Amino acid sequence: GDALANYVSVEDVADGLLRVAQLGRAGAGYALGGQDATLAQLLDMVARSAGVRRTVFALPRTPARFLSQLSTLAARIAGEPIITPEWVDLLSLSWPVSSEHARRDCGHQPRSLEDRVAETVAWLRAGRPAPAHTSNPRWQSA
């Protein structure tokens, strides 16, 4: 329900790595995170971008683990599990990330999660391969 994860696009991580390589301080550690959000917030962004509404609800961890175990057992007969106990455990933990150090020292500026989700939905709908360049013109090579 309220567990946070950090979502960042591969383009923003690549941009951050280039910035850290050029501008970072030797020996310093930099987290190249994006935006912290709950899974419900992420799914809401996907629904808005896709123009599709699905009912999503959070289960307490104990009933979710029980259902995941049933799903794993059912998958032995009917294919893939809907969710596994390991995923319930993972989704129950908060994984917030602060990239303030990289922002301050190197100018790391990941785009908003809402924008990246909208781009991903559009890309999936178009069925196109990923672009060969970053969307940040600063790092495009000739």
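**Exercise 1. Which residues does T38 touch, not counting residues up to four places away in sequence?**

*Solution.* The structure is a predicted model. Begin with the position of T38, which is in strand β2, residues 35-38. Next, consider accessibility: T38 has a relative accessible area of 11%, and buried means under 20%, so T38 is buried. Finally, list the contacts. Apart from residues up to four places away in sequence, T38 touches G1, D2, A3 and L4.

**Exercise 2. Describe the surroundings of A37 and state which nonpolar core includes this residue.**

*Solution.* First, take the contacts. With residues up to four places away in sequence left out, A37 touches A3, L4, A5, Y7 and L113. Second, identify the core. A37 belongs to the largest nonpolar core, which has seven residues in all; the others are L42, M45, A50, L113, V117 and V121. Third, assign the core to elements. Helices α2 (39-50) and α6 (113-126) are the elements that give two or more residues to this core.

**Exercise 3. Determine whether Y7 is buried, partly exposed or exposed, and list its contacts.**

*Solution.* Y7 is found in strand β1. Its relative accessible area is 22%. The buried class ends under 20% and the exposed class lies over 50%, so Y7 is partly exposed. Leaving aside neighbours within four places in sequence, Y7 is in contact with G34, Q35, A37, L39, L42 and L113. Two of these contacts, A37 and L113, touch each other as well. As a last step, compare sequence with space: Y7 and R116 are 109 residues apart in sequence, while their C-alpha atoms are 9.5 Å apart.

**Exercise 4. Explain which parts of the chain the salt bridge between E11 and R116 ties together.**

*Solution.* Start with the pair itself. The side chains of E11 and R116 meet in a salt bridge, with an N to O distance of 2.9 Å. Now locate the partners: E11 lies in helix α1 (residues 10-23) and R116 in helix α6, so the bridge ties together parts that are 105 residues apart in sequence. Both E11 and R116 are buried. This bridge is one of twelve salt bridges found in the whole structure.

**Exercise 5. Compare the two salt bridges of D44, and name the residues that are joined into one network by shared partners.**

*Solution.* The first bridge of D44 is with R48, where the closest N and O atoms are 2.1 Å apart. D44 and R48 are four residues apart in helix α2, which means they are separated by about one helical turn. The second bridge joins the side chains of D44 and R53, at 3.1 Å from N to O.

Accessibility is then taken for each residue. D44 is partly exposed, with a relative accessible area of 26%. R48 is also partly exposed, at 43%. R53 has a relative accessible area of 56%, and exposed means over 50%, so R53 is exposed.

Turning to the network, salt bridges that share partners join E11, D12, R111, R116 and E119.

**Exercise 6. Give the volume of the largest pocket and describe its lining.**

*Solution.* The volume of the largest pocket is about 790 Å³. Its lining consists of 28 residues, and those nearest the centre are L39, F57, A58, I83 and L91. By element, two or more lining residues come from each of β1 (4-7), α2, α3 (61-78) and α4 (85-91). By residue class, the lining divides into 22 nonpolar, four polar and two charged residues.

**Exercise 7. Locate V46 and L93, and state how accessible each residue is.**

*Solution.* V46 is found in helix α2. At 32% relative accessibility, V46 counts as partly exposed. Beyond neighbours within four places in sequence, V46 is in contact with V117 and V121, both of which are members of the largest nonpolar core. The C-alpha atoms of V46 and D105 are separated by 32 Å, and these residues are 59 apart along the chain.

L93 is placed in the loop between α4 and α5 (100-106). Its relative accessibility is 45%, so L93 counts as partly exposed. Residues up to four places away in sequence aside, L93 touches A3 and L4. T38 touches A3 and L4 too. From L93 to R65 the C-alpha distance is 14 Å, with their positions 28 residues apart in sequence.

Terms used:
Residues numbered from 1 in each chain as written. Predicted model: local features only at pLDDT ≥ 70, side-chain atom pairs only at ≥ 80, totals over all residues. Heavy atoms only, no water. Core = buried A, V, L, I, M, F, W, Y, C linked by side-chain atoms within 4.5 Å. Buried < 20%, exposed > 50% of the residue type's maximum accessible area, 1.4 Å probe, protein only. Contact = heavy atoms within 4.5 Å. 1 Å grid on protein atoms, 1.4 Å probe; cavity = no way out; pocket = protein on both sides within 12 Å on 5 of 7 lines; lining within 4 Å. Points joined across faces, edges and corners; volume = space filled by probe spheres on them. Nonpolar A, V, L, I, M, F, W, Y, C, P; charged D, E, K, R; others polar. Salt bridge = Lys/Arg side-chain N within 4 Å of Asp/Glu carboxyl O.
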